[in-house]
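Colleague: I should like a close look at a single part of this model, set in the context of the whole chain. Please take the structure below as the basis for your reply.

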Amino acid sequence: MTYTHLTTNELTIIAHSFVQKLKAYRVAQMINRCAETVLSCHWLNSLISTTKLPRGGRLIPLLGALSAQLVVTGELFTGCLNVASSASMSVPGKRHPNGYVERRGKAGQLGRSIHERAKDFPHYATEFGHLEADTVQGKKHQGAVMTLTERQSKVEIVLNVHEKTADAINQHLSQWLRKFPRYFFKSITFDNGKEFAGWREIANQFDLHTYFAEVGAPNQRGLNENNNGLLRRDGLTKQLDFRNLPDELVTQLMSKRNNLPRKSLGYRTPYEVFMSYVTDEQLFSF
């Protein structure tokens, strides 16, 4: 079994760790991977055990012995690798750690920073009525749906906007917000996509506080991102063209997700928790 997601340098370090009998978590810290990834390379042990090591078990002679046996992504281990430099080099394709903020390029903040939200709403973590918003794109970025997640109830709202444009987003979001009493929702935290460039119109029309997560930091809208992944698994795959997505399919997927009991909600459904925050007076005004 080959591990194409590990670089040659990383496999070299892992092989050396087996020789030196280092702990998996120590090696994981060196290559910036999880311990399970290191442990999954147990097949290296069998190669090492059948290879006669030079005195001292040094890494460079070890690689010379393994290079004739070990095949990774169709290529042999060749040459000697510098462990010191490999441990510090970045891993291509590896995601950024939580809390990372993109500083490169010309990407900028569309509106108010997410850090101002804590000042406006000191009890944000326990208050009902705060939404996180994003878009989910279809095949070849053609078409999109807009998703909104209420933080306390974890209700997922999917708006079939068809096109990923500011006009389409504002039109469908405005139609949806009109169904609720004024001040029912307190804030919306958007992604920094250009489709949310018309946020001022929504903020002024419904008197909503609007904030934007930092560029390149989707973890600041973690609940919304997680629910988007669940929608992908439920049927909104990347192979679909969202420009002609049936409203019935969107409604069905949204209903399935909101009526599924969740452990984090005490095994209640998101819909049940959402309705528990709705007063009788507000219910009559819907």
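Which residue follows α2, and what is the sign of its phi? Please describe that helix closely, and then relate it to the remainder of the protein.

Modeller: The residue that follows α2 is Asn32, and its phi is positive, near 60°. The model is a predicted one, with a mean pLDDT of 78 for the protein and 72% of its residues at 70 or more.

Helix α2 itself covers residues 24-31, and its buried residues are Ala24, Val27, Ala28 and Ile31. Viewed down the axis of α2, these buried residues fall within an arc of 105°, so they line one face of the helix. The partners against which they pack are α1 (8-20) and α3 (35-39). Ala24 also belongs to a nonpolar core of 11 residues, whose members include Leu6, Leu11 and Ile13. In soluble globular proteins, nonpolar side chains tend to be buried together.

That core lies apart from the largest nonpolar core, which has 38 residues. Within the largest core, the residues with the most contacts are Met146, Leu148, Leu173, Trp176, Phe185 and Phe190. Two or more residues each are supplied by β3 (130-137), β4, β5 (156-162), α8 (166-177), β6 (187-190), α9 (199-206) and α11 (247-258). The largest share comes from α8, which gives five residues. Leu173 illustrates the packing: beyond four places in sequence, Leu173 touches Met146, Leu148, Leu159, Ile188, Phe190 and Ile202.

The largest pocket can be described in similar terms. This pocket holds about 490 Å³ of space and is lined by 19 residues, of which Ile157, Val158, Trp176, Lys179 and Met254 are the closest to its centre. Trp176 is thus listed both here and among the residues with the most contacts inside the largest core. The elements that give two or more residues to the lining are β5, α8, α11 and α12 (270-276), and α11 provides the largest share, six residues.

Confidence should be considered alongside these features. Among the elements, strand β4 (residues 144-150) has the highest mean pLDDT, 95, whereas strand β2 (residues 75-76) has the lowest, 35. Strand β4 is also one of the elements that give two or more residues to the largest core. Over residues 53-93, pLDDT stays under 50, and the model has 56 contacts beyond four places in sequence for this stretch.

How values were computed:
Residues are numbered from 1 along each chain as its sequence is written. This is a predicted model: local features need pLDDT of at least 70, side-chain atom pairs count only at pLDDT 80 or more; totals for chains, interfaces and linings use all residues. Side-chain values use heavy atoms; hydrogens and water are left out. pLDDT is the predictor's confidence in each residue, from 0 to 100. Helices (H or I, at least four residues) and strands (E, at least two) are DSSP runs, numbered from the N terminus. Contact means heavy atoms within 4.5 Å. Buried means under 20% relative accessible area, exposed over 50%, partly exposed in between (1.4 Å probe, protein chains only). The arc is that of the directions from the helix axis to the C-beta atoms. A nonpolar core is a set of buried Ala, Val, Leu, Ile, Met, Phe, Trp, Tyr and Cys residues joined through side-chain atoms within 4.5 Å. On a 1 Å grid over the protein atoms alone, a cavity is a set of points where a 1.4 Å probe fits but cannot get out, and a pocket is an open set with protein on both sides within 12 Å along at least five of seven lines; lining residues have an atom within 4 Å of a point. Grid points are joined across faces, edges and corners, and a volume is the space filled by probe spheres set on the points.
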